[in-house]
Amino acid sequence: EEALNLEKEVSQNPSIFCDAVEMAFKRDDGTSDKEDIEDLDAVATNAYRLLDALNRIPGTKDDGTVDADHLEEWITEARRLCENKGRRDIADYRIGELLSNAKVGADGVWPCEGVRAVMDRLMTDSVSRGFYIGTKNARGVHFRGEGGSQERELAQKYAGWASSMEYE
């Protein structure tokens with residue numbers, strides 16, 4: 001319950017996301033601006049754990065759909081805040097990982113419509129990289145069956161979603 005409340009708060013307040021990114025990661029230029037923080041390792045570890053625990057897409061409504069306008073506003077503000085703190089690249093990466101948690105849309109295609117709309121407008125290389133890695137990591141630990149049947153099924157699922165997204 002506590003984690004759900006925290007996720008809901010982060011999805012309403014991008015400054016919490018930005019604070020966690022600031023505490024968990026160095027600046028994009030590789031320098032650190034947190035020398036004055038006591039027990040920095042513990043603070044950074046906890047901030048990183050918070051970012052890893054986030055699964056709720058900002059703009060998610062009670063019915064599970066994603067409000068694309070809210071999501072875009074949240075991402076725009078999170079990026080602005082993180083850029084002001086010198087962490088735009090890692091913020092984009094972590095946003096991409098967060099977006100990889102999207103559900104399948106009402107049309108049966110993943111990611112859901114709201115996330116697709118925002119990704120079409122705001123995609124960067126770092127968001128794309130985070131989305132890719134988040135998708136791969138979501139599979140978790142797995143064992144290969146004989147002949148690679150699991151991989152073929154997974155490839156077929158992604159190919160089906162990709163073909164349904166092609167422009168005509």
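**Figure 1. Burial and surface across the predicted protein chain.** Of the 168 residues in the protein chain of this predicted model, 38% are buried. The accessible surface is about 10400 Å². Carbon and sulfur atoms account for 49% of that surface. Contacts also span the sequence: among those between residues at least 6 apart, 64% join residues at least 24 apart.

**Figure 2. Helices of the chain and their confidence.** The protein chain has eight helices and zero strands. Its pattern along the sequence reads α-α-α-α-α-α-α-α. The mean pLDDT of the chain is 86, and 81% of the residues score at least 70. Which elements mark the two ends of the confidence range? Helix α4 (residues 68-84) has the highest mean pLDDT, at 98. Helix α8 (residues 149-165) has the lowest, at 63. Where pLDDT is low, the predicted coordinates should not be read in detail.

**Figure 3. Helix α3 and its two sides.** Helix α3 covers residues 40-53, which is 14 residues. From first C-alpha to last, α3 reaches 20 Å, close to the 20 Å expected at 1.5 Å a residue. The buried residues of α3 are Ala44, Ala47, Leu50 and Leu51. They lie on the same side of α3, because they cover an arc of only 120° around the axis. Asp41 and Arg49 are exposed on the other side of α3.

**Figure 4. Asp39, in the loop between α2 and α3.** Asp39 is found in the loop between α2 and α3. Its phi is near 50°, a positive value in a residue other than glycine. Is Asp39 buried or exposed? At 57% relative accessibility, Asp39 counts as exposed, because the cut-off for exposure is over 50%.

**Figure 5. Helix α4, the element with the highest mean pLDDT.** Helix α4 leads the elements of the chain with a mean pLDDT of 98. It has 17 residues and reaches 24 Å from its first C-alpha to its last. That span is close to the 24 Å expected at 1.5 Å a residue. Buried in α4 are Ala68, Leu71, Trp74, Ile75, Ala78, Arg79, Leu81 and Cys82. Why do they fall on the same side of α4? They cover an arc of only 165° around the axis, and this puts them on the same side. On the other side of α4, Asp69, Glu73 and Asn84 are exposed.

**Figure 6. Cysteines without a disulfide.** The count of disulfides comes to zero. Cys18 is in no disulfide. Its nearest cysteine sulfur belongs to Cys82, 3.4 Å away. A disulfide requires sulfur atoms within 2.5 Å, so a separation of 3.4 Å does not qualify. Cys18 is buried, at 2% relative accessibility. Cys82 is among the buried residues of α4. Cys112 is buried too, with a relative accessible area of 6%.

**Figure 7. Glu22 and its contacts.** Glu22 sits in helix α2 (residues 14-24). Its relative accessibility of 16% counts as buried. Which residues does Glu22 touch, not counting residues up to four places away in sequence? They are Lys34, Lys85 and Arg87.

**Figure 8. Tyr93 and Glu97, two buried residues of helix α5.** Tyr93 lies in helix α5 (residues 88-99). Glu97 lies in α5 as well. Tyr93 counts as buried at 19% relative accessibility. Glu97 is buried with a relative accessible area of 16%. Leaving aside neighbours within four places in sequence, Tyr93 is in contact with Ser126, Val127, Arg129, Gly130 and Ile133. With the same neighbours set aside, Glu97 is in contact with Gly130, Phe131, Ile133 and Gly134. Gly130 and Ile133 therefore appear in both contact lists, where contact means heavy atoms within 4.5 Å. The C-alpha atoms of Tyr93 and Ser128 are separated by 7.4 Å, although these residues are 35 apart along the chain.

**Figure 9. The cis peptide bond at Pro111.** Which residue does a cis peptide bond join to Pro111? The partner is Trp110, and omega is about -5°. Pro111 is placed in the loop between α5 and α6 (113-122).

Notes
Residues numbered from 1 in each chain as written. Predicted model: local features only at pLDDT ≥ 70, side-chain atom pairs only at ≥ 80, totals over all residues. Heavy atoms only, no water. Helix = DSSP H or I, 4+ residues; strand = E, 2+ residues; numbered from the N terminus. Buried < 20%, exposed > 50% of the residue type's maximum accessible area, 1.4 Å probe, protein only. Areas by Shrake-Rupley, 256 points an atom, 1.4 Å probe, with all protein chains shown as cover. pLDDT = per-residue confidence, 0-100. Expected span 1.5 Å × (residues − 1). Arc of directions from axis to C-beta.
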